Amino acid sequence: MADNNIQYLNKSFSDFKSNLINYAKTYFPTAYNDFSDANPGAMFIEMASYVGDVMSFYLDNQIQENFLLYAKEKENLYAMSYVLGYRPKASYASSATIDLYQQMPSLPGSNPLIPDTTYGLIVPSNTTITSISTGIKFLTTQQVDFTDTGSAVITFYDNDTFLVRKSIPAISAEIKEATFDFTTPQKFSTINISDTNVLQILDVTDSDGNLWYEVPYLAQSTIYDKLSNPTYNSDQVPYLLKLKRVPRRFVSRLLSDNSLQLEFGAGVSNKSDDDIIPTPDNIQLGLAPGISNLLDDYNQTSIFYTQEYGLAPSNTTLTVRYLIGGGIISNVPANDLTNIDLTPVYFKSLITDNTIKNSLISTNPNPSSGGRNADEIEEIRNNALYAHSSQLRAVTKNDYIVRALSLPSDYGSISKVYVTQDLNSNPQQTVAPTATSNPLSLDMYILAYNSNKQLTQATTILKENLSTYLNEYRMVTDAINIKDAFYINIGVNFDITVVGGFNNQLVLQECINNLKNYFDIDKWQINRPIVLSEITVILLQTKGVQSVVKLEITNKEDINGNTYSTLGYDIAGATRNGNIYPSADPCIFEVRYPDTDIQGRVVTY
């Protein structure tokens, strides 16, 4: 029987049945020769074919579930996504811009009248604002300080009272809390948060007051740490960015039922986290006689006394605060977020004026957007493939530009970035100086915004934060010189003629508005030239414009730097073939005060 010709390529029920019948005819021609459906032997052949078909299906299915491109089971897709570096989302929060208004009395004795900022309110972050139509809750993501009126819009209200407006971002979310008791320590213990639509973990605190920190994977022992910046008022950087070692850490994973699982470390030893200097003695290479344990010992974990992927919680109670919300239903219409919770709002001074506090109102001038439901299967598949290819590492110039612009706003705001190969042996300004030109070094030129969203030089603290941030993503062979880019302030003067029958002032105002939009600083990048023909086309396309008689770009320079840049620029000398080119040093053109720096006239022939 061992030499029988057996077919191993059967897949379906009909294949198995046909081959079993042929096998019986070949090897048992006299013992069994009635293959009609009425014969009881046909039942056994079909049952064997059924088992073969089912086994074949399960085999194919198990093989298929091992490949990201073909897997169908959500649980398998989640597991492979985490391996490839993508974290599936249970929900996406809707975001909105909230306008907050408060009444503020005028300063006694002031002439002209100005607001008395001692009556300014503090609206903490995570203040709740509820939709009046759907009841969905939004949380503010930043603190609002009405005592600082630098970025506020102030209008006269009534009876020597001003109305002060500030805008902040908010997301559709609600803070919830859960507690979990731990007794005997267990390696890699887990807890499950059964709420669905969990957006993120806010914080985890044990009964002793210790914070537990979320990390991407338990082997990561450091996190970014926020330190309050004492010079925040001068450099507009709220926090200093530092790295902190955290033995108390955890990872979170979304499960297939949309609940969230938290996993903690395996550390149960008495050793504290400590760095040691690797030597041949402590990594056991070469000096000790006997069999070498190279594969086991040449590993950073063998030269690092650690708490085994973080501590395991024991004899304590963990309090987990987390955000839930989002989804497609969280996209609310305009002017719907008006029910603000005044409980956490307070005065910065010792004033207690409920009339002023109750004057605080909120609204969203535009609909909220971005809220949607959990990742679908195809979204998980494609996002995981992207995460695997990018791995959050900065490799190309564009990677560095995007990564620098992604610096969290708590550590300062980078407005413009330009990256080029380092060609200078003496960098103009650098966080990590190089003695000679490094062929693997990049020059990163940056600019920041001031409180009025005008270009300014980045402060030293902002550069240090950016340097710390980039070190977590840059290639080990790359060096980055962080330098100051330059900004050149310009003005625009133009003369137009207007078609008969159109109102001159309305046409002129529309032209100015179109140029304001064209020179919006968000649309300009470092080293972009000014194309005069583009400006001319914008003017000519404005309804009512007959012709453009004059178009002039002027340099706005302020030697003292109080209003404009201190840099002068030869506009005429930089103009070639209708284009105004930037200098060899990376720079950007900026219309600093669009309301006054763009001037136009209507002329006649």
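**Figure 1. A buried cysteine, Cys511****.** Buried here means under 20% relative accessible area. Cys511 counts as buried because its relative accessible area is 0%, and the cut-off is under 20%. Keep in mind that this is a predicted model.

**Figure 2. Cys587, another cysteine out of the solvent's reach by the numbers: buried, at 1%****.** With a relative accessible area of 1%, Cys587 goes in the buried class. As for sulfur pairing, the structure has zero disulfides. For reference, a disulfide is a covalent bond between the sulfur atoms of two cysteines.

**Figure 3. A nonpolar patch on the surface****.** Six side chains' worth of names to look for here: Leu59, Ile63, Phe67, Leu69, Tyr70 and Leu385 make up the patch, which covers about 610 Å². One of these residues, Ile63, gets its own view next.

**Figure 4. Ile63, a patch member sitting in helix H2****.** Helix H2 runs over residues 40–64, and Ile63 is part of that helix. Is Ile63 buried, partly exposed or exposed? Ile63 is partly exposed, because its relative accessible area comes to 46%.

**Figure 5. The whole chain, as a backdrop for the close-ups.** The protein chain carries 12 helices alongside 32 strands. Of its 605 residues, 39% are buried. Take the contacts between residues at least 6 apart in sequence: 72% of them link residues at least 24 apart. On the outside, the protein chain exposes about 33500 Å², with carbon and sulfur atoms supplying 52% of that area.

Definitions and conventions
Residues are numbered from 1 along each chain as its sequence is written. This is a predicted model: local features need pLDDT of at least 70, side-chain atom pairs count only at pLDDT 80 or more; totals for chains, interfaces and linings use all residues. Side-chain values use heavy atoms; hydrogens and water are left out. Helices (H or I, at least four residues) and strands (E, at least two) are DSSP runs, numbered from the N terminus. Buried means under 20% relative accessible area, exposed over 50%, partly exposed in between (1.4 Å probe, protein chains only). Contact means heavy atoms within 4.5 Å. Accessible areas come from the Shrake-Rupley method with a 1.4 Å probe; for residues, only the protein chains shown count as cover. A disulfide is a pair of cysteine sulfur atoms within 2.5 Å. Patches are made of residues with over 30% relative accessible area and no salt bridge: like charges are joined within 9 Å, nonpolar side chains (Val, Leu, Ile, Met, Phe, Trp, Tyr) within 5 Å. A salt bridge is a side-chain nitrogen of Lys or Arg within 4 Å of a carboxyl oxygen of Asp or Glu.
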